[in-house]
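Biologist: I would like to go through this protein with you step by step, asking about one part at a time. Could you show me the sequence and the structure before we begin?

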Amino acid sequence: MKIGIPCGLLYYSFYLLWKTFFEDLGAEVVISGGTNKSILNYGVKTCVDEACLPVKIFHGHVMELRNKVDCIFIPRIVSISKNEYICPKFCGLPEMIKNSVPNLPVIIDTTIDIRRTTGTIESSLMSAARLITKDRARVMRAYYNALLRHRVFEENLKSTGDFERSLDKLNIKTKDNRRKIGILGHPYNIYDDFANMGIRNKLIFQGFMPITPEMVNEDKINLNASKMPKRHFWTFGRKILGTGLTFLEEKNVDGIIYLSSFGCGIDSLMEDYIERYIRRERSIPYMKITLDEHSGEAGVDTRLEAFMDMVKWREDYESNISPYGGSICGNKRFS
């Protein structure tokens, strides 16, 4: 049996877990490949106009897979963390696909919801494996093996911030003294190089080291996110906010770039929070880039080059001047 996994949305967080799980059960896993212009066009044509770019891209990946596999894995995800939710679009994603994409194979739309208890994990696994086996012991063995590989992947991603390298190698250790740029955003915006026009690679080419949320200590993220007056109940939103506040607290990056999806409600809140804190701190250059289906790179390249030049210039000549006006050293006048 061939099971398709679209290379979009939470593919960038859980692909190795899903792939190992299905392969250990005896299925052949087929992925749709990296996002490209054709996949984006498929998505824009089939998806509703109001959806954000990552959801449109996901539709395109499903279109790419539909005639190549026996079934496609599109889980209905409510929560991936206790007492938290993720974007509502994930809850209705299987239905969106079924109503937008024609001539689909079987959809494996198991529900994943662990916001209140982990007891639902086993039933979700059995639902996901129902087309392959009903042997509970076999399913659980496949899950625990997949979980082990997933944890190695997470450690690799923490070291490198590079999705592809983290899949291919084990126990990667890196040490880099280049200028560091913090990148905030959802994983599917940060690691989909077509959607973000290769921003990570462009930073690296210019001598910068991108620092993603996955590379930041999770305890520090949780601690800083908890400083908000009210608890933030969106899993990725909390992680983005906690990462941004950690960057500000530790001052271990030379600039921050927020990759936001046009039409994303969670991003619209988080980017406003982050910008307010950064302007209050007045010490770190900040830029927001909004991603949509327009794929022209000239405008993004110009803004990115200007941002990198500003970071270099400030470090060499004007580290005492706030990027938002006024001296970061108080009212002291400099001659």
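Biologist: In which loop is Asn83 found?

Modeller: Please keep in mind throughout that this is a predicted model. Asn83 has a positive phi of about 65 degrees, although it is not a glycine, and at 45% relative accessibility it counts as partly exposed. As for its place in the chain, Asn83 is found in the loop between β4 and α4.

Biologist: Is Met197 buried or exposed?

Modeller: Met197 is a residue other than glycine with a positive phi, near 60 degrees, and its place is in the loop between α9 (187–190) and α10 (199–205). A residue counts as buried when its relative accessible area is under 20%. The relative accessible area of Met197 is 11%, so Met197 is buried.

Biologist: What is the order of the strands in the open sheet that contains β1?

Modeller: Strand β1 (residues 2–5) is joined by two bridges to strand β3 (residues 71–73), and the two run parallel; within this pair, Ile3 stands opposite Cys71 in β3. The edge strands are β2 (28–31) and β5 (106–108), each of which pairs on one side only, while the twist averages 30 degrees from one strand to the next. Four strands with parallel pairing make up this open sheet, and their order is β2-β1-β3-β5.

Biologist: Which strands stand at the edges of the open sheet that contains β7 and β9?

Modeller: Strand β7 (residues 179–184) is joined to strand β8 (residues 208–211) by four bridges, and β7 also pairs with strand β9 (residues 255–261) in the parallel sense over four bridges. The four strands form an open sheet in the order β8-β7-β9-β10, with parallel pairing. Each strand at an edge has a single partner strand, so one side of each is left without a neighbour in the sheet, and these edge strands are β8 and β10 (286–291).

Biologist: Which residue in β9 is the bridge partner of Ile181?

Modeller: It helps to look at the residues of β7 one by one. Lys180 has its bridge partner in β8, namely Met209, whereas Gly182 stands opposite Ile256 in β9. For Ile181, the bridge partner in β9 is Gly255.

Biologist: How many of the seven residues of β9 are buried?

Modeller: In a regular strand the side chains alternate between the two faces of the sheet. In β9, Gly255, Ile257, Leu259 and Ser261 point one way and Ile256, Tyr258 and Ser260 the other way, and all are buried. β9 is therefore largely enclosed by the rest of the structure, the count of its buried residues being seven of the seven.

Biologist: At about what angle does helix α14 run to β10?

Modeller: To place β10, note that six bridges join it to β9, with the two strands running parallel, and that Ser261 stands opposite Leu291 in β10. Helix α14 (residues 298–316) lies across β7, β8, β9 and β10, and its angle to β10 is about 165 degrees.

Biologist: Why are the buried residues of helix α5 on the same side of the helix, and which residues are they?

Modeller: The buried residues of α5 pack against α3 (53–65), β4 (76–79) and α4 (88–91). They are on the same side of α5 because they cover an arc of only 100 degrees around the axis. In helix α5 (residues 93–100), the buried residues are Leu93, Pro94 and Ile97.

Biologist: Which helix gives the largest share of the lining of the largest pocket?

Modeller: The largest pocket has a volume of about 1200 Å³, and of the 39 residues that line it, the closest to its centre are Ser13, Phe14, Ile80, His150 and Glu154. Several elements give two or more residues to this lining, among them α1 (11–24), α6 (120–128) and α12 (235–250). The largest share, nine residues, comes from α7.

Biologist: What is the volume of the largest cavity?

Modeller: Rolling a probe the size of a water molecule over the atoms shows where empty space is left. The count comes to six cavities of 30 Å³ or more. The largest cavity is lined by 13 residues, of which Gly8, Leu10, Trp18, Phe58 and Pro75 lie nearest its centre, and its volume is about 90 Å³.

Definitions and conventions: Residues are numbered from 1 along each chain as its sequence is written. This is a predicted model: local features need pLDDT of at least 70, side-chain atom pairs count only at pLDDT 80 or more; totals for chains, interfaces and linings use all residues. Side-chain values use heavy atoms; hydrogens and water are left out. Buried means under 20% relative accessible area, exposed over 50%, partly exposed in between (1.4 Å probe, protein chains only). The arc is that of the directions from the helix axis to the C-beta atoms. Contact means heavy atoms within 4.5 Å. Two strands pair if DSSP finds at least two bridges between them. Axes are lines fitted to C-alpha atoms, for helices over the stretch in contact, and angles run from 0 to 180 degrees between N-to-C directions. On a 1 Å grid over the protein atoms alone, a cavity is a set of points where a 1.4 Å probe fits but cannot get out, and a pocket is an open set with protein on both sides within 12 Å along at least five of seven lines; lining residues have an atom within 4 Å of a point. Grid points are joined across faces, edges and corners, and a volume is the space filled by probe spheres set on the points.
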